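Biologist: Got the model open? I'd like to go through the ligand site with you.

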Amino acid sequence: MQYQIVAQAYEQMGKTTKRLELTQLLVELFKQTPPELIDKVVYLTQGKLYPDYTGIEIGVADKLAIRAIAIASGKPENKVEQAYQKTGDVGEAALEALNNKTQTTLFSQTLTVQTVYDTFDKVAKTTGPGSLDYKIRSFASLINNATPLEAKYLLRTATGKLRLGIADYTVLDALAEAFAGGKENRTALERAYNLSSDLGAVAKAVREGGLQGVKNFKITVGRPIRPMLAERLETASEILEKMGGKCAVEYKLDGERIQIHKKDNNVTLFSRRLENITSHYPDIVKQSPKSLRGKKIIAEAETVALNIETGEYLPFQELMHRRRKYGIDEAVEKYPVAVNFFDILYVDGEDLISEPYRRRRQVLQKIVVEDERIRIVPAITTSKPEKIDEFMQEAITEGCEGLVAKELDSPYRAGAREFAWVKLKREYRSELMDTVDLVIVGGFHGRGRRGGRFGTYLLAAYDKESDMFRTVTKVGTGFSDEDLEKFPKTLHPYRIAHVHARVDSKMQADVWFEPKIVIEVAASEITLSPIHTGALDSIRKGAGLALRFPKFTGRIRDDKAPEDATTTKEIVAMYRKQLKKINEPQES
Ligand code: ATP
């Protein structure tokens, strides 16, 4: 397959922001792709080589790309650099440098998708002395064989700036339409994706086996399963009513969620957003083979920092000490953790995710060998609201955030946030609203003390139905001096010239960002708003919903992908709850 087909498809995709049109272009591209390349084309289209959880990125720096363009085009490096400075885009710089190059030296060899992928792959994996030189040469040779259009996309892909705005669900729609009989069969593909977090693997399964192929898709140890998430309710009686009069309630520990994959003595750990975090927890890696009975296991736990003298749980922030490249052994000594298991998804060939909660909990009790640091999360099963309240008190006394209620007969719903799990946190009971997690999409320059930096950020909630980010508030309080210093640096790589294709905003920000960084914000009220686009028309025609008096809590939620941010649907639910509270007479 020629790379040109892919580059031309990208060019078309760049011209639209409409999801339907994007999907159609993807369908056409996928149909032209031979089965052995389908996974690679899927990864490339999202600017990747492998699924995210592998952590492998092409990672070519702009500087290196500029040198490669200079070599391939025969132009002086400073000329290419100038073109780059003008647009801020290496792709455009390549296009400009190669555009007036004579045709004869181009097309010396037709570029294939396979060659492009293999070169990227080698570049991504080459390290050590001499690797820079190797990377520049490999790249220059790719560019040398590329048409200007191909070069534009080669370079954008390599430098991590492809940004076609194609979300996972758009790829699934397109695959369903191309190979599984239509979009109405997307749920089968979604299931396979939720079990593997690997769009390439799903693409391969559906391309080779059609709808049946994805229906037969199985869990593999080593591929993370997308986490099941919890809805929220405010009282024990609401929870019991929702769960058919009886449920289990477990402590909700405030730590880091991990998914443990054990294959004999080999242990891999994934975070809530499915990053490989094995290196943060060498202690767990060492302990797991002994603590989990069985050869092949996938289980979930919350790790919590521990005061080893008193055995008490410590706040979430203490775990940050584990996120480091160097000195991890000292951190393990100094900041010990307890691993609190709450679910089990797979044991020695048995897929447990379709089993009801009560059976999974029984299996968990058989598999986990408890000790001082390895525990099973405390749980009770009850039909009485007073019992839940009592258990909540116990949980809070022990330093937990609250409880998670679990429906006894529910399977593990990978990737879903439903009422089969419901969190009950103590804040819900106060008049203050719960915190929300929102995505930074824009910034406004500050005045005075904040001159030159950003004083205020434009935040958006995720609209899952349309796969868009819609604004709900501007936040300017709660930032420490350190935050004000740090934020521009963190956001710099995501700065873009225009509002992002997946962001819907009526407000004009001074700068725009790609939706990437999620922050936690506390707010005390939700109101109708003519200027925010979140939940537009859902309460009143022409009005969106906005958070009032928002305050940054100091917590960047880097354990959340932008699609894990609070949804516009949740904000509508919160708004309705708040109204109910105001309208109902308060008990005194
Ligand atoms: P929050 O913003 O409240 O941390 P979240 O959006 O990260 O929540 P939720 O689905 O709302 O995730 O809440 C479930 C989270 O609670 C899990 O991701 C997990 O990290 C944590 N947790 C702690 N104890 C439990 C438990 N017993 N069962 C399930 N999840 C638990």
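Modeller: Start with lysine 406: an N or O atom in its side chain is 2.8 Å from a nitrogen atom of the ligand. That is a polar contact (a pair of N or O atoms within 3.5 Å). Bear in mind that the model is predicted: local features need pLDDT of at least 70, side-chain atom pairs count only at pLDDT 80 or more, and totals for chains, interfaces and linings use all residues. Residues are numbered from 1 along each chain as its sequence is written, and side-chain values use heavy atoms, with hydrogens and water left out.

Biologist: What does arginine 257 reach with its side chain?

Modeller: An oxygen atom of the ligand, 2.8 Å from an N or O atom of the arginine 257 side chain. Lysine 252 also places a polar side-chain atom 3.2 Å from a ligand oxygen.

Biologist: How much of the ligand does the protein bury?

Modeller: 94% of the 600 Å² that the ligand exposes when taken alone. Those areas are Shrake-Rupley values with a 1.4 Å probe.

Biologist: Which residues come nearest?

Modeller: Ala230, Arg257, Glu302, Lys406 and Lys423, out of 20 around the ligand. Near means a heavy atom within 4 Å.

Biologist: What's the make-up of that shell?

Modeller: Eight nonpolar residues, no polar ones and 12 charged. Asp, Glu, Lys and Arg count as charged; Gly goes with the polar group.

Biologist: Which strand gives the most?

Modeller: β11, with four residues. Strands are DSSP E runs of at least two residues, numbered from the N terminus.

Biologist: And why does the ligand lie between domains 2 and 3?

Modeller: Because domain 2 (229-429) and domain 3 (436-583) both give residues to its shell. The bounds come from an automatic or database domain assignment.

Methods. Polar contact = N/O pair within 3.5 Å; in protein donor to acceptor, adjacent residues only side chain to side chain.
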